Amino acid sequence: MKVYNTPFLFILALATLFTLASCQDDEALDLETFPVNQPVITINGTEGASKAELNAIYKSDGTLELDGVVSRTYTFNFLASPEDATVTFDVLSTNIPKENIEISSTKAIIPAGATTASVTVTLKDEDFSFAASNYDAVTYELGVKANVEGYKIGTEAIESKVVIKKEAYIASCSIVGSNGNTTLFERAYSNNQIMNPDPISYTFKVELDKPARKDIRINLTTTGLEDKFMKDITVTPAEIIIPAGELSSEDITWGVTDDFLLQTAEEEFYVLKVIASVESEDPVAQINEKKNILIFNVNKVLTNIGLLPDKIASWTSLSKSGWSTTTSNGNGQVLIDGSGGDEGSDIYTSNDNFWFIVDMQTEKTLNGLGVDYYYNYDGLSAPRNATISTSLDNTTWEKQGTKETPQVASHYFQLYEPVHARYVKVELSGKYGSYLDLTEVYMYGSEN
């Protein structure tokens, strides 16, 4: 039989309860393991970023434009704390005048258990124009710096900001040609002279992408010619000025005579370059070295034909009575039956080459010729190239020249020097559509 000591058991039970209660109290109050609370500041609307970047760009009228908003709301975030925390906010700014900045609050009390506090830093009226007069590249910053006091909170100040990168103001000069900055001049040489009636001449402007504060003088230098021919160059106007505040010069015409092409009787090819430079007391004026050059390719060819948009009014069309034709394909008589135009009787091929010979029966003096082309379902059936030759006996041929030809209804070829011939051979090559398709040929000149 067991004997229980009731007073002892009672005391033991009380001791056990006290021990358990003491352990629970210690666990609730043991804050030694509470982690260091490291806050962060983020910018609202940036998916948690603490830094945002903007660009400030000068527009063509010289005004400064931002690609975003400078004024922002910043949120201070940290883990819930068992004690209140005090956050002190200071404006963070670089190169922005203090009078242009406002902050919504400089201090916030975050109660125990709360996790955020917000502050707004404003650029007044979102007016960034104060930066426009500084023509250098400058970086601006606007944001907030926070210090916090509280239980186990990191003591280092934390920052969040908007960084604005402003470009330098540069008034960049470029040459803008009336038909691009590279041009081909083909010069026809025959009988010791250039046969082209039009001169080597080109019109262009010099343009700025932004206005300058002072006048800009444009200087032009030409390369690719011997020094003795530099005197043959003309530039109109002689003095090229872009006035302060303007974006363009007036029209400029550069030209040169054909004298440099008359030194030999050979075919020649020249590359002439016109290079622009600037003079100005305004340091923002600079030349765009990628767009300050005009390139004139001058191709001197031994040829007696020129391509015209229409026949010359004084030309006389020769009668085709009694004429005959020979072709590489089909019945060539349709070429002299008088049924021309783009819907007349036609002769065609799907090949890339086609030729025909016209026998005028007697010797004629030719000033030019024309060819009409048929309009098919995929457009006018003109060739890409045409070569014209003449002969007195259908055996010995004299090549008058080759021309690249556009896709038009008719081609007209001028013979710079009249030619005495009985036979005319026209060789066509290249297609714009599915066919080379001709309806009529015309000879212009006079009976001998």
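Select Ala171 first: Ala171 stands opposite Ala285 in E20. The model on screen is a predicted one.

**Stop 1: around E11**

Extend the selection to the whole of E11 and to strand E20, residues 285-287. The two strands pair in the parallel sense, over three bridges. Now add E14. E11 pairs with E14 as well, here in the antiparallel sense and over five bridges. To see one of these pairs, pick Cys173, whose bridge partner in E14 is Leu208. Colour E11 by accessibility next. Six of its seven residues are buried, and the strand is mostly covered.

**Stop 2: the six-stranded sheet**

Show the strands E13, E12, E21, E19, E15 and E17, in that order. They make up an open sheet of six strands with mixed pairing. Go to the edges. Strand E13 (193-194) and strand E17 (240-242) are the edge strands, and each pairs on one side only.

Walk inward from E13. Two bridges join E13 to E12, and these strands run antiparallel. On the other pairing of E12, eight bridges link it to strand E21 (residues 293-302), and this pair runs parallel.

Which residues stand opposite Tyr189 in these two pairings? In E21, Tyr189 faces Leu302. In E13, Tyr189 stands opposite Ile194.

Then move on to strand E15 (residues 216-223) and strand E19 (residues 268-279). Seven bridges join them, and they run antiparallel. Select Thr222 there: Val274 in E19 stands opposite.

**Stop 3: the turn at Asn191**

Return to E12 and E13. Their hairpin has two residues between the strands. Pick Asn191, which is found in the loop between E12 and E13. Phi of Asn191 is near 55 degrees, a positive value in a residue other than glycine. Is Asn191 buried or exposed? Its relative accessible area is 52%, so Asn191 is exposed; the cut-off for that class is over 50%.

**Stop 4: Thr183 in E12**

Stay on strand E12, residues 182-190, and select Thr183. Thr183 has 14% relative accessibility, which means that it counts as buried, the limit being under 20%. Show its contacts, leaving out neighbours within four places in sequence. They are Tyr202, Ile295, Phe296 and Asn297.

**Stop 5: the nonpolar cores**

Switch to side chains. The largest nonpolar core has 36 residues. Select Trp254 and Phe260, the two that touch the most other members. Several elements give two or more residues to this core, including strand E11 (171-177), strand E14 (200-208) and strand E18 (252-256). E14 gives the most, with five residues.

Zoom in on Phe260. Beyond its neighbours within four places in sequence, Phe260 is in contact with Ile200, Leu225, Phe229, Glu268, Tyr270, Leu272 and Val298. Apart from this core lies another one, of 32 residues. To find that second core, select Val70, Ile101, Leu123 and Ala131, which are among its members.

**Stop 6: a surface patch**

Turn on the surface and select Leu184, Phe269 and Val271. These three form a nonpolar patch on the surface. Together they have about 290 Å² of accessible area. Val271 has its place in strand E19. With a relative accessible area of 37%, Val271 is partly exposed.

**Stop 7: the cis peptide bond**

Go to strand E16 (residues 233-236) and pick Thr236. What is the peptide bond from Thr236 to Pro237? That bond is cis, with omega near 0 degrees. Pro237 sits in the loop between E16 and E17.

Show what surrounds Thr236. Not counting residues up to four places away in sequence, Thr236 touches Asp251, Ile252 and Thr253. For a longer span, draw a distance from Thr236 to Tyr375. They are 44 Å apart in space, C-alpha to C-alpha, and 139 residues apart in sequence.

**Last stop: Glu126**

Select Glu126, in the loop between strand E8 (116-123) and strand E9 (138-149). Check its backbone: Glu126 has a positive phi of about 50 degrees, although it is not a glycine. At 31% relative accessibility, Glu126 counts as partly exposed.

Terms used: Residues are numbered from 1 along each chain as its sequence is written. This is a predicted model: local features need pLDDT of at least 70, side-chain atom pairs count only at pLDDT 80 or more; totals for chains, interfaces and linings use all residues. Side-chain values use heavy atoms; hydrogens and water are left out. Helices (H or I, at least four residues) and strands (E, at least two) are DSSP runs, numbered from the N terminus. Buried means under 20% relative accessible area, exposed over 50%, partly exposed in between (1.4 Å probe, protein chains only). Contact means heavy atoms within 4.5 Å. Two strands pair if DSSP finds at least two bridges between them. A nonpolar core is a set of buried Ala, Val, Leu, Ile, Met, Phe, Trp, Tyr and Cys residues joined through side-chain atoms within 4.5 Å. Patches are made of residues with over 30% relative accessible area and no salt bridge: like charges are joined within 9 Å, nonpolar side chains (Val, Leu, Ile, Met, Phe, Trp, Tyr) within 5 Å. Accessible areas come from the Shrake-Rupley method with a 1.4 Å probe; for residues, only the protein chains shown count as cover. A salt bridge is a side-chain nitrogen of Lys or Arg within 4 Å of a carboxyl oxygen of Asp or Glu.
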